[in-house]
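Dear colleague,

Please find below the structure that I am handing over to you. My notes on what was found in it follow directly after.

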Amino acid sequence: MPYIQGADKTEIYVKDWGEGRPVILIHGWPLNADSWEYQAVKLAEAGYRVISYDLRGFGRSEQPWSGYDYDTMSDDLAAIIKELGLKDATLAGFSMAGGEVCRYMSRHDGKGIKQAALISSIAPFMLQTDDNPDGAPADVFEGIKSELRKDRQQFLAGFFKDFYGNGTEAGGVSDEVLHWSWQMAMLASPKATLDCVDAFGKTDLRPDFDAMDVPLLVVHGTGDQTVPIDATGRQAAKLAKNAELKEYEGAPHGLTATHADQLTGDLLAFLKG
């Protein structure tokens, strides 16, 4: 069953590996489900059923013109959970997908979810406002969209160097990982890539944390220059009722690759705990 119909009948590409209690891994911007490669294999080998999928507009999923907002994307997730009959699942969102985790918990009452994890997540709120002074100014997100419109290919090639912290003491990946990430990004719809900047940059997810009533693991790098920890990971841990915050010293945004073993170990400990 490689495809499942999400909201508005959009075809969503789904990978379903292994057997056991389900773990749902949701990728970040502008990647696809393959970016969870290391964790997906290890979790399946450890006895879990691992579901990962390409968000609408990304990877091998259908590319509709609209629907790149957290309400619609959480409806896609709900359709996958229902179609696969998932229960007692752990829901993990990386980067942009942290918003999908939070919105699913509030919009769909966390149906089928036993635990949640936010990895380098944008939640609860990225935009700088009077009551969110640690956020990023609106012109940062407008600048990203302007660069994407001008030369998406070149902009994203440079973006991934900061994403993985290349040149920093705690970060850095091979040229091959950089190229692999760029290839994933190039599979995405340019419209989805643009619209999701507004979704992750301007959606206030703070109210959604009222529905976060399951154990929550928050993992974030203190060296994350893409999604700085003060406005996101640290605030998420404060807002959630039952959260455990793990800060990776100096780690960049893309710690699924730079700190793959450490993250996998923490996920496995969380799943067992």
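The lining of the largest pocket comprises 15 nonpolar, six polar and two charged residues. Please bear in mind throughout that this is a predicted model. The pocket encloses about 370 Å³ of space. It is lined by 23 residues, of which M126, I144, Q225, T226 and V227 are the closest to its centre. Helix α4 supplies the largest share of this lining, with eight residues.

Helix α4, which spans residues 138–163, also appears in the account of the interior. The largest nonpolar core contains 88 residues, and I24, W29 and M212 have the most contacts inside it. The largest share of this core is again eight residues, and these come from α4. As general background, nonpolar side chains tend to be buried together in soluble globular proteins.

Two of these core residues lead to further contacts. Apart from its neighbours within four places in sequence, M212 touches V101, C102, M105, A116, A240 and K241. W29, for its part, is one of the residues in contact with T193. T193 belongs to helix α6, which runs over residues 190–202, and its relative accessible area is 0%, so it is buried. Beyond its neighbours within four places in sequence, the other contacts of T193 are P30, F58, L148, R152 and A188.

How many cavities of 30 Å³ or more does a search of the whole structure find? There are two. The largest holds about 40 Å³ of space, and its lining is made up of L31, S35, W36, F94, F163, Y164 and T256. By class, five of these lining residues are nonpolar, two are polar and none is charged.

The second largest cavity has a volume of about 30 Å³. Its lining is formed by V23, L43, T90, A92, L267, F270 and L271. Two elements each give two or more residues to that lining, namely β5 (89–94) and α9 (260–272). Of the elements, α9 gives the most, with three residues. The lining of this second cavity divides into six nonpolar residues, one polar residue and no charged residue.

You may also wish to know about the cysteines. A disulfide is a covalent bond between the sulfur atoms of two cysteines. The count of disulfides in this model is zero. Why does C102 not form a bond with C196? The closest cysteine sulfur to that of C102 is in C196, and the two lie 16 Å apart, which is too far for a bond. The relation also holds from the other side, since the cysteine sulfur closest to that of C196 is in C102, at 16 Å. C102 is buried, with a relative accessible area of 0%. C196 likewise counts as buried, at 0% relative accessibility.

Finally, a word on a loop position. A46 lies in the loop between α1 (37–45) and β4 (49–53). Is A46 buried, exposed or partly exposed? A46 is partly exposed, because its relative accessible area is 40%, and partly exposed covers the range between the 20% limit for buried and the 50% limit for exposed. A46 is also 28 residues from G18 in sequence, while the C-alpha atoms of the two are 9.1 Å apart in space.

With kind regards

Terms used
Residues are numbered from 1 along each chain as its sequence is written. This is a predicted model: local features need pLDDT of at least 70, side-chain atom pairs count only at pLDDT 80 or more; totals for chains, interfaces and linings use all residues. Side-chain values use heavy atoms; hydrogens and water are left out. Helices (H or I, at least four residues) and strands (E, at least two) are DSSP runs, numbered from the N terminus. Buried means under 20% relative accessible area, exposed over 50%, partly exposed in between (1.4 Å probe, protein chains only). Contact means heavy atoms within 4.5 Å. On a 1 Å grid over the protein atoms alone, a cavity is a set of points where a 1.4 Å probe fits but cannot get out, and a pocket is an open set with protein on both sides within 12 Å along at least five of seven lines; lining residues have an atom within 4 Å of a point. Grid points are joined across faces, edges and corners, and a volume is the space filled by probe spheres set on the points. Ala, Val, Leu, Ile, Met, Phe, Trp, Tyr, Cys and Pro count as nonpolar, Asp, Glu, Lys and Arg as charged, and the others, Gly among them, as polar. A disulfide is a pair of cysteine sulfur atoms within 2.5 Å. A nonpolar core is a set of buried Ala, Val, Leu, Ile, Met, Phe, Trp, Tyr and Cys residues joined through side-chain atoms within 4.5 Å.
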